[in-house]
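Here are my notes on this model, set out as numbered points. They begin with the metal site and move on to the charged pairs and the pocket.

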Amino acid sequence: MTENEKLPSPMVIGYWMSDRKSQKLNWIEFGKVCRQHGYELVKLDLDKPLEDQGPFAVIVHKLTEIIARNDEQAIQIIDRIEQYIKDNPKVLIIDPLESVRTLLDRYKTYNVVLNTGLNNIDVFTPTFVEILSNDVKENIIKLKNARVTFPFICKPFVAQGTTYCHQMSVIFNERGVADCKPPCVAQSFINHNAILYKLYVVGDHYQLVERPSLKNFYTSNVDRDTITFDSHSVSKSDSSSELSVLDPSESAKKSSVDPIKLHSIVKTLGSYLNMSLYGVDIVVENNTNRHAIIDINAYPGYDGFPDFFGKLIDCVISRRTQSLCSKAYFEDSGFDTSDSSDEKKSRAKLNSINH
Ligand SMILES: Nc1ncnc2c1ncn2[C@@H]1O[C@H](COP(=O)(O)OP(=O)(O)OP(=O)(O)O)[C@@H](O)[C@H]1O
Ligand SMILES: O=P(O)(O)O[C@H]1[C@H](OP(=O)(O)O)[C@@H](OP(=O)(O)O)[C@@H](O)[C@@H](O)[C@@H]1OP(=O)(O)O
Ligand SMILES: [Mg+2]
Ligand SMILES: [Mg+2]
């Protein structure tokens, strides 16, 4: 090669996640994988204009804790990113902030599942209602009207990115309704023999991992006091909470997960949410075998996901190709491509749910 013949400069993937998250994922390794595929990985400085740091071909992020913070500085950071994406429509963002915002709101998330039509294949979201008031009588009526049954589980409205968002309670009776901490979502409890399935998604790739979960509770437990717990002490791979121990009289019969249902969940939610990096928590209801979606997380831990970085770069490349092709197609047809068709469709779907 002569001096004048330069190698093309690598395309840049900008990323942001907390240092804690990068360390957990050993993110430095992803830089090497990117290089092998002709990309350079650069951490975004959120306090400076992105224009001075790019140009970026792709932005990959876990901004949940910044979005959830919602203070003046956080709002400024998010505004800056959104403006950059608007001004540079060819930049691919994994995942769109609007979609992440939907998942940060448990009430909206459950409504998304409700609207997907997944219930046609026996995949459902347990009955739920939002609790916004401290008035216990009013809340009891609200729960009844929404057909939320005892026992139910109470979860903070904000789903990710705060210190309190994993603090929950199981409520057994009307007396316990006073323990709801609004704003929260009350959701009927589904008995599932203490097994949780985490479905981790990276674009078109997915992996199911098994985790401990809450034990069965029965209507005969009606006199029990409210149980409060932190979800991270129950359902991590190394959790061994006493709340996961089945009663001696119960058989720990293993449920079976239906691979066809998993495939439909990934296809359907990916398109509804317009997201590539998310995790779906599923429990299989005892006796009926119906699959309940109880939680969806933006950019989860991926603990137990084989070759995560290989699948991630694969996802970046295929999403980029799709996005460039659809933009080129619409540009040729004279359409305004400042908003890709997929984004438009998904935004319309989410808007119809959110309003
Ligand atoms: N409707 C339900 N029926 C039965 N058990 C449930 C239900 N919802 C949640 N659980 C149990 O409570 C745990 C925490 O619930 P959830 O997954 O919604 O919390 P989270 O804090 O959002 O979790 P993550 O750490 O995955 O984000 C689950 O892992 C499961 O054991
Ligand atoms: O480390 P992170 O901050 O990404 O924590 C995420 C956590 O991953 P971890 O397992 O690595 O702790 C996820 O667990 P899994 O569902 O994958 O089990 C889930 O709890 C997310 O809700 C958390 O997101 P956050 O609430 O913090 O935004
Ligand atoms: Mg969960
Ligand atoms: Mg969650």
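1. Asp281 deserves the opening remark, since in this predicted model it counts as buried, because its relative accessibility is 6% and the cut-off for that class is under 20%. Asp281 is also one of the two protein donors of the magnesium ion (ligand 3), the other being Asp295, and both give OD atoms that lie 2.0 to 2.2 Å from the ion. The two aspartates come from separate strands, Asp281 from strand 13 (residues 277–284) and Asp295 from strand 14 (residues 291–298), and they are 14 residues apart.

2. Asp295 needs a comment of its own, as this residue coordinates both the magnesium ion (ligand 3) and the magnesium ion (ligand 4), which are 3.8 Å apart. Asp295 is buried as well, with a relative accessible area of 13%.

3. Which protein atoms serve as donors to the magnesium ion (ligand 4)? Asp295 appears twice in the list, through OD atoms, and Asn297 contributes its OD1, the donors lying 2.1 to 2.6 Å from the ion. Asn297, like the aspartate beside it in that list, is buried, its relative accessible area being 11%.

4. Asp281 has a further partner besides the metal, for its side chain meets that of Lys198 in a salt bridge with an N to O distance of 2.9 Å. This contact links distant parts of the chain, given that Lys198 sits in strand 10 (residues 195–202) and Asp281 in strand 13, 83 residues apart. Is Lys198 buried or exposed? At 9% relative accessibility Lys198 counts as buried, and Asp281, at 6%, is buried too.

5. The count of salt bridges comes to 14, and two others may be set beside the one just described. Glu174 and Lys144 meet through their side chains at 3.5 Å, N to O. Glu174 lies in the loop between strand 8 (167–171) and strand 9 (184–188), whereas Lys144 belongs to helix 7 (residues 136–145), so this salt bridge ties together parts that are 30 residues apart in sequence. Glu174 is partly exposed, with a relative accessible area of 39%, while Lys144 is exposed, with a value of 57%.

6. The other salt bridge joins the side chains of Glu285 and Arg290, at 3.1 Å from N to O. Glu285 is buried, with a relative accessible area of 16%, but Arg290 counts as partly exposed, at 29% relative accessibility.

7. The largest pocket holds about 1000 Å³ of space and is lined by 47 residues, of which His166, Ser231, His232, Lys236 and Asn297 lie nearest its centre. Asn297 therefore appears both in this lining and among the donors of the magnesium ion (ligand 4). Among the elements that give two or more residues to the lining are strand 10, strand 13 and strand 14, and the largest share, four residues, comes from helix 1.

8. How is the lining of the largest pocket made up by class? There are 15 nonpolar, 17 polar and 15 charged residues in it. As for where the pocket lies, domain 1 (11–94) and domain 2 (101–308) both give residues to the lining, so the pocket is placed between them.

Methods
Residues numbered from 1 in each chain as written. Chains lettered and ligands numbered in written order. Predicted model: local features only at pLDDT ≥ 70, side-chain atom pairs only at ≥ 80, totals over all residues. Heavy atoms only, no water. Donors = N, O, S within 2.8 Å, 3.2 Å for Na, K, Ca; no water. Buried < 20%, exposed > 50% of the residue type's maximum accessible area, 1.4 Å probe, protein only. Salt bridge = Lys/Arg side-chain N within 4 Å of Asp/Glu carboxyl O. 1 Å grid on protein atoms, 1.4 Å probe; cavity = no way out; pocket = protein on both sides within 12 Å on 5 of 7 lines; lining within 4 Å. Points joined across faces, edges and corners; volume = space filled by probe spheres on them. Nonpolar A, V, L, I, M, F, W, Y, C, P; charged D, E, K, R; others polar. Domains from an automatic or database assignment.
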